[in-house]
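Colleague: Got a minute to go through this one with me? I'd like to start with the strands and then move around a bit.

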Amino acid sequence: MVRFVLATLLGVFCARANATEKLALAAAGNFTFALEALSAEFRKTAPSTVVTTAVGASGTLFAQIQNGAPFDVFLSADTDYPRRLVAGGFGDAASLRTFATGRLVLWTLRPDLNLEDLAAVVRDPGVKKIALTQPATAPYGRAAQAVLAQLGLSAVAQPKLVLGENVTQTAQFVATRNADVGFIALALVRAPTLANRGRWVDVPPALHASVSLDHAAVLTLRGATNPAARAFLEFLTGDAAQKILRDFGYAVPPARVAPARVER
């Protein structure tokens, strides 16, 4: 009997020791490479957590979560989609926070283009294809659209536009020379796979003042009951994660909202 009890207790102890927590992240396409670094750093503090990621346009991920997609944390390229998740009863209001601000750039592999004059690039008859992300679902696409409107070039640009489903695909259009130039996230041109390829220039934020690139995170209702999701949100606003985000070109909020401490 004693041996049976000891064996049972040992089995329970081993099961707990080998137990893993699961965390499902849904992130906007501009986080494609930064998320790899963030996930790797997070696993140092939570080695028993299995992290899976899905990357896509913010609006597409928003719709998937509304339709029951099993995500715990939503990292959006804007603040609107997370707020709408909360308003619709699909997100945890207390967890909603802005954690970074993105930057829009114009990128090309063509050495002959003068990127400093955005209007001239768009008007250039030798520029046949301009890539940007689908504005209906992607904040970076809406920002690029606003830039063209602010410059009075919407009509000129329209026949040249090629639309990516997310900002990562938009970058691929330029990388594969299926577009001459592209409006993409600074975080992508700083990624290892694209760094030192071609040239890019910052797009002044004033040109898309009507479209903010503040990025927000929120726990889904499923994530609100997942300790690993709460731990990740706490990690995201910590020094290690914020350094990674800065390295990829994001600005971080001067005042961060500290989430409740999670007992693990």
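Colleague: Which residue in β8 is the bridge partner of V105?

Modeller: That's I184. Keep in mind that we're looking at a predicted model.

Colleague: Noted. How many bridges join β5 to β8, and which way do the two run?

Modeller: Five bridges, and the strands run antiparallel. β5 covers residues 104-108, while β8 covers 181-185.

Colleague: What about β9, how many bridges join β5 to that one?

Modeller: Four, again with an antiparallel run, and β9 spans residues 199-202. If you want a landmark there, W107 stands opposite W200.

Colleague: Is β5 buried or exposed, then?

Modeller: Buried: five of its five residues are under the 20% cut-off for relative accessible area, so the strand is largely enclosed by the rest of the structure.

Colleague: Which residues point which way from it?

Modeller: L104, L106 and T108 go one way, with V105 and W107 going the other, and all of them are buried.

Colleague: Switching to the packing. Which residues touch the most other members in the largest nonpolar core?

Modeller: L75 and F183, out of 75 residues in that core. Helix α11, residues 227-236, gives the most to this core, with seven residues.

Colleague: What does F183 contact, sequence neighbours aside?

Modeller: Leaving out anything within four places in sequence, F183 is in contact with L104, V105 and L106 from β5. Its other contacts include I130, A131, L132, V147 and L148. There's also another core apart from the largest one, made of ten residues, among them A24, F62, I65 and F71.

Colleague: OK, new topic: how many cavities of 30 Å³ or more are there?

Modeller: One, from a search of the whole structure. Its volume is about 50 Å³. Of the 13 residues lining this cavity, the closest to its centre are G29, A138, P139, Y140 and V167.

Colleague: How does the lining divide into nonpolar, polar and charged?

Modeller: Seven nonpolar, six polar and no charged.

Colleague: Last thing, S58. Where is it placed, and is it buried or exposed?

Modeller: S58 sits in helix α3, residues 58-66. As for exposure, S58 has a relative accessible area of 1%, so it counts as buried.

Colleague: And what is S58 in contact with, leaving aside neighbours within four places in sequence?

Modeller: A28, F74, S76, A77, Y81, T137 and P139. You've met P139 already, as one of the residues closest to the cavity centre.

Methods. Residues numbered from 1 in each chain as written. Predicted model: local features only at pLDDT ≥ 70, side-chain atom pairs only at ≥ 80, totals over all residues. Heavy atoms only, no water. 1 Å grid on protein atoms, 1.4 Å probe; cavity = no way out; pocket = protein on both sides within 12 Å on 5 of 7 lines; lining within 4 Å. Points joined across faces, edges and corners; volume = space filled by probe spheres on them. Nonpolar A, V, L, I, M, F, W, Y, C, P; charged D, E, K, R; others polar. Buried < 20%, exposed > 50% of the residue type's maximum accessible area, 1.4 Å probe, protein only. Pairing = 2+ DSSP bridges. Core = buried A, V, L, I, M, F, W, Y, C linked by side-chain atoms within 4.5 Å. Contact = heavy atoms within 4.5 Å.
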